[in-house]
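Biologist: Please take one part of this model and look at it closely. Then work outward from there, and tell me what each piece sits against.

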Amino acid sequence: MEQTWYNNALIYSLDVESFYDSNGDGTGDFEGLAEKLDSIAGLGATCIWLLPFYPSPNRDNGYDVMDYYNVDARLGTLGDFALFLDKANQLGIRVIIDLVVNHTSIQHPWFQQARQDRNSPFRDFYVWSDKPLKYDKQHLMFTGEEETVWTYDEAAGQYYLHRFYKEQPDLNIANPEVQQEILKIMGFWLRLGVHGFRIDAAEMLVEPYGLKDTGREQLLCFFNDMRSFMQARRPDGLLLAEVNSGPDEMQPYLHKGERMHMLFNFFVNQHIFLAFAEQKKTPLENALKALPKMERSTQWLHFLRHHDELNVKLLDKKDQEKVLNAFAPEEAMRIYGFGIRRRLAPLLGNDLQRLELAYSLLFSMPGAQMIRYGDETGMGDDLSLEGRTSVRTPMQWSPSVNGGFSKAPKEKLVHPVISSGEFSFEKVNVLAAQQNPRSLLNWLERLVTTRKQSPEIGCGNLFIIPCPHEEVMIHGYEWRGRKLFFLHNFSGQEFHIEKSLLAGESLYDVFGEASGGRDTIHLKAFQYHWLRTE
């Protein structure tokens with residue numbers, strides 16, 4: 001595989017409003033983010049993914065955009081954004097941003113003009129119908145919160161399509177003028193200095209439901225245009241698509257390396273948690289074997305948790321129930337029928353050994369990796385908050401007021417800080433983690449360093465070695481004559497693994513604390529080990 005910067009990237013995902021408040025108004029901002037960049041650099045992140053920071057009514061955490069060419073005034077100015085980019089570049093950190101173009105806010109000027117005048121050029125920016133069209137559950141993204149994808153607008157005299165909230169009308173992506181606007185938005189932020197875009201709801205962008213005389217392949221071709229546009233302006237740019245699909249549906253988004261550069265690997269993500277629930281390797285091994293072959297200059301992005309729910313829709317019903325029962329036994333922990341609204345540490349019982357196993361497994365997956373802000377310290381969630389806000393609480397920097405996030409009175413905070421229980425900011429915070437040599441944060445920094453010294457993972461050929469124990473997975477990579485091996489024990493049992501399984505290679509330890517002798521490796525409960533050929 002061709003080696004690019006994103007083949008071996010560590011992407012750090014954050015929401016500016018929840019990261020650090022520099023002016024004491026209760027909301028994180030770009031000045032605060034710039035101030036805390038050293039912490040992100042210290043972890044070893046090579047790229048930051050910013051969630052939406054555009055002006056927005058915030059019906060959907062900023063994904064309802066009112067203006068694609070500006071910064072939400074709560075978070076600062078375009079000047080603050082530019083200074084943040086400057087510091088990130090100085091630290092060797094690239095920045096990608098959310099491109100949210102499946103829909104706009106209902107308050108966007110395009111929609112306001114479209115609804116007032118049928119002859120407006122903006123009328124065809126959206127999808128209208130004189131009566132609601134038939135739809136099925138796959139078109140309704142927020143099951144339990146919205147009951148339809150068609151809402152009647154009095155001013156327009158028609159129904160408009162919205163597959164998310166009714167405050168988020170879908171754009172008509174088949175309209176060439178809409179496509180040109182999307183390219184203009186990309187050009188604006190590329191000129192400011194971003195290195196690429198995370199394409200929100202990429203599956204919805206190519207879903208022709210509600211569109212006349214338009215097919216899926218026609219919409220997919222727009223991704224080629226986006227790729228060409230990017231390539232002409234930033235040859236090392238990244239298009240990262242949010243695609244929650246199985247192996248058979250992934251290839252059209254890559255299309256011989258001509259469309260997206262990278263896909264979120266939801267398929268492997270869900271099978272990781274199925275393997276954890278069963279304490280068996282088989283679900284993950286089968287998922288890895290099912291992945292399509294990647295073309296040159298394309299890559300997977302692997303993750304454990306992100307800003308939304310842990311979605312299990314790609315699993316069959318029986319396996320969905322296994323994961324939900326194991327990690328979300330209470331109804332308050334679930335959302336949308338097939339999602340879990342918890343952070344990683346609570347999911348795994350705040351067990352440091354299991355957390356280390358999960359991250360070791362993540363960093364051994366074929367491709368790049370992503371970490372969500374706060375997960376490096378084992379931050380928890382707040383299930384008393386509505387919906388997905390449960391996993392979007394402010395970053396916990398110290399045991400001081402509001403976890404060091406803000407000096408504002410707590411009633412003015414953008415979201416409540418976790419202030420009680422085992423995940424309270426007094427117990428879980430960056431400062432405490434830095435001072436504890438056995439903390440998850442310090443361990444993770446060592447893991448990231450090891451991952452950076454292991455280009456085989458992002459560039460090599462994956463192989464899986466049969467192991468007689470169904471609880472132990474052995475896999476590895478070969479690249480430029482070198483081999484890197486990984487052993488992961490998914491269970492609470494102990495195992496002795498014969499080194500002869502690793503093809504009799506002469507090996508040395510790379511990472512992990514497994515013990516053993518000349519011929520065997522002793523894996524304790526939920527233990528892992530990395531080895532490399534001499």
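Modeller: In this predicted model, Glu 456 is found in helix 16, which spans residues 456–459. Is Glu 456 buried or exposed? Glu 456 is buried, because its relative accessible area is 0% and the cut-off for buried is under 20%. What surrounds Glu 456, leaving aside neighbours within four places in sequence? Its contacts are Tyr 477, Trp 479, Arg 482, Leu 484 and Arg 532. Two arginines, Arg 482 and Arg 532, are among them.

Now take Asp 375. Asp 375 sits in the loop that runs between strand 14 (368–372) and helix 14 (430–435). A relative accessible area of 4% makes Asp 375 buried. Leaving aside neighbours within four places in sequence, Asp 375 is in contact with Arg 305, Arg 343, Leu 344, Tyr 359 and Leu 440. Arginines appear here too: Arg 305 and Arg 343.

Follow the contact with Tyr 359. Not counting residues up to four places away in sequence, Tyr 359 touches Asp 375 and also Leu 304, Leu 344, Ile 371, Leu 440, Trp 443, Leu 444 and Leu 447. Leu 344 and Leu 440 are on this list, and Asp 375 is in contact with Leu 344 and Leu 440 as well.

Tyr 359 leads into the core. In soluble globular proteins, nonpolar side chains tend to be buried together. Here the largest nonpolar core has 157 residues. Tyr 359 is one of those with the most contacts inside it, along with Leu 50, Phe 84 and Phe 197. Helix 9, residues 266–278, gives the most to this core: 8 residues. A second core is separate and has 14 residues, including Phe 495, Ile 497, Leu 523 and Leu 531.

Helix 9 also helps to cover helix 8. The buried residues of helix 8 are Pro 247, Met 250, Tyr 253 and Leu 254. Why do they lie on the same side of helix 8? They do so because they cover an arc of only 100° around the axis. What covers them includes helix 6 (202–205), helix 7 (216–233), strand 9, helix 9, helix 10 (282–290) and strand 10 (299–302).

Look next at the end of helix 8. His 255 comes just after helix 8 and takes a positive phi of about 45°, although His 255 is not a glycine. His 255 belongs to the loop between helix 8 (247–254) and strand 9 (262–264). His 255 is partly exposed, at a relative accessible area of 28%.

Asn 58 is another non-glycine residue with a positive phi, about 65°. Its loop lies between strand 2 (47–50) and helix 3 (78–90). Asn 58 is partly exposed, with a relative accessible area of 29%.

One last stop is a sheet. Strands of a sheet pair through backbone hydrogen bonds, either parallel or antiparallel. This one is an open sheet of 3 strands in the order 4-6-5, and its pairing is antiparallel. Strand 4 (128–129) and strand 5 (150–153) are the edge strands, each pairing on one side only. How many bridges join strand 4 to strand 6? There are 2, and strand 6 covers residues 158–161. Trp 128 stands opposite Tyr 160 in strand 6.

Notes
Residues are numbered from 1 along each chain as its sequence is written. This is a predicted model: local features need pLDDT of at least 70, side-chain atom pairs count only at pLDDT 80 or more; totals for chains, interfaces and linings use all residues. Side-chain values use heavy atoms; hydrogens and water are left out. Two strands pair if DSSP finds at least two bridges between them. Helices (H or I, at least four residues) and strands (E, at least two) are DSSP runs, numbered from the N terminus. Buried means under 20% relative accessible area, exposed over 50%, partly exposed in between (1.4 Å probe, protein chains only). A nonpolar core is a set of buried Ala, Val, Leu, Ile, Met, Phe, Trp, Tyr and Cys residues joined through side-chain atoms within 4.5 Å. Contact means heavy atoms within 4.5 Å. The arc is that of the directions from the helix axis to the C-beta atoms.
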